[in-house]
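Q: I'm new to this one, so please keep it informal. Take me on a close look at the largest nonpolar core, and at whatever helps me find my way around it.

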Amino acid sequence: MNAPLELTGLTKVFDTPAGHLVAVHDVNAQIRPDEFVCILGHSGCGKSTVLSMIAGLEQATFGGVVIDGREVREPGPERGVVFQSACLLPWLTARDNVRLGLARTLKLSRDIAGTRARHYLDLVGVGELADHLPAALSLGTQQCVSLARALSTEPRFLLLDEPFSQLDSLTRFDLQDTLLRVWEETPRIVVMVTHDVDEALYVADRLILMTDGPKATVGEILDVPFPRPRTRGRVLDHTRYYTIRSRVMEFLEHHARQSRSSVLDAVIASRISAVAS
Ligand SMILES: Nc1ncnc2c1ncn2[C@@H]1O[C@H](COP(=O)(O)OP(=O)(O)O)[C@@H](O)[C@H]1O
Ligand SMILES: [Mg+2]
């Protein structure tokens, strides 16, 4: 049976003023039903590029993103996305920011969309602030609104690009707990990009470790064996926590540059030279 989400030979070449940049190269992964996966790697290695291709916001140059056996090349309502910053419309209240997404994506009436927006704001713990404008909300609350907006269309896939990286550590811990609670109540595939090893170990079932770019690729995929439901204390006390953490740190410190050559190299080189000549 096909995995619900597959990345097959995913490669992205950007045209830059300095020439062609092979940002990510031959990324392969199969994501299982209801799995929480973190893509982990150094800044600039291509994590957002991979996530954007899964979201359909960027097109793969080679390879593809396959959902239920079908290649996807554009955004779809089954994929909800949360970015590093909340990207809320400043003139709309929290509720209306969520409602707008619902009205656009699912064509719900204003009343029904408003009720559903409030439900998801409640779910992530910020319902009481539904009628506030973004400027009156803390960064953490804004990011909760952004999470509520993504959840409100009830997507099968939640795609998160470093959603907590701009928050102070206590707020980050709170939002990680909120995310885990929401996911444990209604499991679905989550693909979350992060460069925070402890965050990844706390939330994920598996870690996809990316090598450094250019030509970043999957260096290693690790299972995270901690039982669920997770609490920070139980994860930190787990006998294998420090072994796994050390392995990830060692990968990031010493083994990040291990791009593999593949048959795609020849294809990419020939396409690039064809374009150049
Ligand atoms: N639109 C673009 N045009 C050209 N280069 C890009 C573009 N987007 C990303 N890149 C380059 O691709 C590489 C990977 O970027 P990115 O996916 O943002 O990394 P990460 O999310 O891991 O920090 C970087 O070298 C970045 O400069
Ligand atoms: Mg990024």
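A: A quick word on terms: the domain bounds used here come from an automatic or database domain assignment. Keep in mind, too, that you are looking at a predicted model.

With that in hand, the chain divides into domain 1 (5-78 + 156-172 + 187-276) and domain 2 (82-154). Their C-alpha centres sit 27 Å apart. Where they meet, eleven residues of domain 1 are in contact with ten residues of domain 2. On the domain 1 side of that meeting place, strand β7 (residues 157-161) gives the most, with three residues. That side is made up of six nonpolar, three polar and two charged residues.

Now for the core itself. In general, nonpolar side chains in soluble globular proteins tend to be buried together. Here the largest nonpolar core holds 69 residues, and the ones that touch the most other members are Val 37, Cys 38, Ile 39, Leu 121, Val 145, Ala 148 and Val 191. Helix α4 (residues 139-152) supplies the largest share, six residues. Why does this core lie between domain 1 and domain 2? Both domains give residues to it, so that is where it ends up.

Pick out Val 191 and look at who surrounds it. Leaving aside residues up to four places away in sequence, Val 191 touches Ile 31, Val 37, Ile 39, Leu 51, Ile 54 and Leu 159. Two of those names, Val 37 and Ile 39, you have just met among the core residues that touch the most other members.

Leu 121, another of those well-connected core residues, takes us to helix α3. In α3, Leu 121 is buried along with Ala 113, Ala 117 and Tyr 120. Look down the axis of α3 and these buried residues fall within an arc of 100°, so they line one face of the helix. What do they pack against? The buried residues of α3 pack against α2 (94-106) and α4, and α4 is the helix that gave the core its largest share.

You can also check the length of α3 for yourself. Its 14 residues (110-123) should span 20 Å at 1.5 Å a residue, and the end C-alpha atoms are indeed 20 Å apart, which agrees. After α3 comes Gly 125, whose phi is positive, near 85°.

Speaking of phi, most residues other than glycine have a negative one. Cys 87, in the loop between β6 (79-82) and α2, is not a glycine, yet its phi is positive, about 55°. Is Cys 87 buried or partly exposed? It has 14 C-beta neighbours inside 10 Å, so it counts as partly exposed. Lys 215 also has a positive phi, about 60°, without being a glycine. With 24 C-beta neighbours inside 10 Å, though, Lys 215 counts as buried. You'll find Lys 215 in the loop between β9 and β10, and Pro 214 lies in the loop between β9 (206-210) and β10 (218-223) as well. The peptide bond from Gly 213 to Pro 214 is cis, with omega near -5°.

Technical notes: Residues are numbered from 1 along each chain as its sequence is written. Chains are lettered from A and ligands numbered from 1 in the order in which they are written. This is a predicted model: local features need pLDDT of at least 70, side-chain atom pairs count only at pLDDT 80 or more; totals for chains, interfaces and linings use all residues. A nonpolar core is a set of buried Ala, Val, Leu, Ile, Met, Phe, Trp, Tyr and Cys residues joined through C-beta atoms within 7 Å. A residue is buried if 20 or more other C-beta atoms lie within 10 Å of its own, exposed if 12 or fewer, and partly exposed in between; C-beta atoms are placed from the backbone. Helices (H or I, at least four residues) and strands (E, at least two) are DSSP runs, numbered from the N terminus. Two residues are in contact if their C-beta atoms, placed from the backbone, lie within 7 Å. Ala, Val, Leu, Ile, Met, Phe, Trp, Tyr, Cys and Pro count as nonpolar, Asp, Glu, Lys and Arg as charged, and the others, Gly among them, as polar. The expected span of a helix is 1.5 Å times one less than its number of residues. The arc is that of the directions from the helix axis to the C-beta atoms.
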